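Q: Could you take me through one part of this structure up close? I'd like to see how a piece of it sits against its surroundings.

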Amino acid sequence: MNTQSNAVPESFESSRTTPVAISSTRPMYWSVRRELWENRSIYVAPLAVASVALFGFTLSSIAGIWEEPLRLNPAQPQAPYDIAAGMMMLTGIVVSVFYCLDSLHAERRDRSILFWKSLPVSDLTTVLAKASILLVILPLFTFAITVAMQWLMLLVSSAVLVVSGMSVTALWTNLSFLRMSLLLLYHLLTAHALWPFPVYCWLLLVSGWARRATFLWAALPLIAIAGVEQIVFHTWHFARLVGSRLIGDTQTIAAGGMFPTGPMTHITPGRFLSSPGLWIGFAIATAFLAAAVRLRRYQGPI
Amino acid sequence: MLPRWIRVSQALEYVAGVHPRFDRAKAEGFLAKTTIRHNSKVRELSKGMVVQLHLALVMAIDAKLLVLDEPTLGLDILYRKQFYDSLLNDYFDRSRTIVVTTHQVDEIQDVLTDVMFINRGRIVFTCSMEEFESRYVEVMVNPEKAATARALKPIHERQALSRSILLFDLKPNAVDRQQLAALGEVRRPSIADLFVAMLSEKPGDKPDNQAGKALGNYQGAAR
């Protein structure tokens with residue numbers, strides 16, 4: 001069953017409902033809300049991982065398994081914070097990949113695309129809302145949850161120190177929490193949103209095109225290209241390129257420390273923003289998104 | 001087709017958010033008459049409730065032209081009847097046009113103003129219901145009078161309970177109602193019968209025909 005109604009009737013004389021002025025941002029806002037209603041894993045998965053990390057940290061702090069950070073190794077006072085943040089980043093990548101592969105496929109699979117298309121929300125708005133989840137919403141959620149988790153970790157370790165009769169001053173002074181958080185935000189927005197964006201857009205495009213087995217369709221061409229390259233040139237450039245994009249590994253984001261939020265890290269936003277790799281990636285991502293928008297126009301339920 | 005994961009309240013919010021001519025209070029009013037709860041998800045609702053929800057959303061949109069494509073597909077007979085009843089009573093106000101395409105021709109015969117048959121994407125027949133009723137006549141004829149009746153060139157004939165049912169098009173034929181009344185019991189034909197009569201003339205046709213019907217203003221329906 002499907003229903004369609006015209007959005008803007010030609011004449012307004014006999015209409016009884018006064019049309020509400022809808023600004024151009026409102027369909028976008030509601031499309032993003034829709035994504036969050038439909039894909040609760042966007043915030044449930046990071047919350048679950050954060051809870052597990054926090055639980056593990058608490059257990060190890062109390063049981064004394066993970067004593068190193070509590071004893072305040074001056075060299076690395078924040079190692080557990082980085083490891084926990086790393087888990088959150090990994091979760092973000094997994095959530096993004098599955099979100100992309102499902103987003104334009106699920107609405108066709110459950111035939112709800114007929115409902116969405118019957119409303120005055122353009123294909124462009126719908127696809128851009130999905131892209132904004134990847135570029136903005138998911139990194140910000142991951143950031144907020146990670147920072148909250150790290151605060152709780154700090155409170156737990158402080159409590160353990162106080163109970164065991166030690167001073168918390170060293171922990172609080174050696175750990176520059178604000179700096180760590182800002183570095184984390186920068187890292188999430190660059191390495192885990194802007195840099196892998198073309199890969200995510202490729203996955204979005206495949207999810208809007210494939211009738212089934214989206215993961216297979218997304219992975220096969222990449223594997224094929226990498227395989228051909230290996231056979232012809234005996235190199236792995238393409239595989240490395242895609243891999244480094246996906247895990248957010250780039251030298252242009254920052255220099256120094258091993259961890260993105262380490263004390264030795266210097267961020268280099270200028271170098272990142274002026275790196276050709278970023279802009280080439282963006283051009284490719286735009287092409288994928290444009291193709292996804294065009295494709296959705298002609299796609300119906302499967 | 002409503003997404004199965006959406007909550008009733010979310011569906012209302014969303015449509016109110018994106019549709020400029022959606023009257024949320026009206027939709028809530030329709031829903032208040034049903035047993036649908038606002039925090040239910042669509043997957044928890046029965047088929048009939050989903051239809052009621054869909055109707056509530058659709059009828060709260062103030063549009064001049066409403067296109068319903070097979071709106072009662074997959075519904076049982078109770079909900080089909082209820083669907084058209086509420087569509088007519090709560091929505092239709094003579095300034096609107098509703099176009100319904102359906103294979104279930106019988107259930108909407110009484111609510112139509114215009115009818116159109118589509119066969120393989122082409123319009124094969126179109127007329128108003130007034131014209132339909134004055135132009136087409138069905139006669140139930142006993143076997144002894146069947147030959148006389150056949151001489152009057154019916155457009156279709158079928159057998160029922162050892163009597164012949166003949167469908168006449170009064171317009172090109174020089175037959176009138178009195179003549180037919182003398183032959184047997186005269187009745188108003190159903191659209192389905194005419195549909196069968198018109199489309200079974202060409203034996204090559206597969207039954208992928210669709211009857212498109214317009215409620216309300218026909219001019220608008222054709223646009």
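Which residues of helix 1 of chain A are buried, and what do they pack against?

A: Keep in mind that this is a predicted model. In helix 1 of chain A, the buried residues are A:Pro27, A:Trp30, A:Ser31 and A:Arg34. They cover an arc of only 105° around the axis, so they sit on the same side of helix 1 of chain A. What do they pack against? That side meets helix 6 (123-163) of chain A together with helix 1 (8-18) of chain B, and the second of those partners comes from chain B.

You can also check the length of helix 1 of chain A, which covers residues 25-38. At 1.5 Å a residue, its 14 residues should span 20 Å, and the end C-alpha atoms are indeed 20 Å apart, so the two agree.

Since chain B has come up, let's look over there too. Four strands of chain B form an open sheet in the order 6-7-5-8, with antiparallel pairing. At the edges you'll find strand 6 (156-160) and strand 8 (184-187) of chain B, each pairing on one side only. From one strand to the next, the twist averages 25°.

Now zoom in on strand 5 (residues 136-141) and strand 7 (residues 163-169) of chain B: they run antiparallel and are joined by six bridges. Across from B:Val139 stands B:Leu166, in strand 7 of chain B. Finally, helix 8 (residues 191-199) of chain B lies across strand 5, strand 6 and strand 7 of chain B, and runs at about 80° to strand 7 of chain B.

Key: Residues numbered from 1 in each chain as written. Chains lettered and ligands numbered in written order. Predicted model: local features only at pLDDT ≥ 70, side-chain atom pairs only at ≥ 80, totals over all residues. Helix = DSSP H or I, 4+ residues; strand = E, 2+ residues; numbered from the N terminus. Expected span 1.5 Å × (residues − 1). Buried ≥ 20, exposed ≤ 12 C-beta atoms within 10 Å, placed from the backbone. Arc of directions from axis to C-beta. Contact = placed C-beta atoms within 7 Å. Pairing = 2+ DSSP bridges. Axes fitted to C-alpha atoms, helices over the stretch in contact; angles between N-to-C directions.
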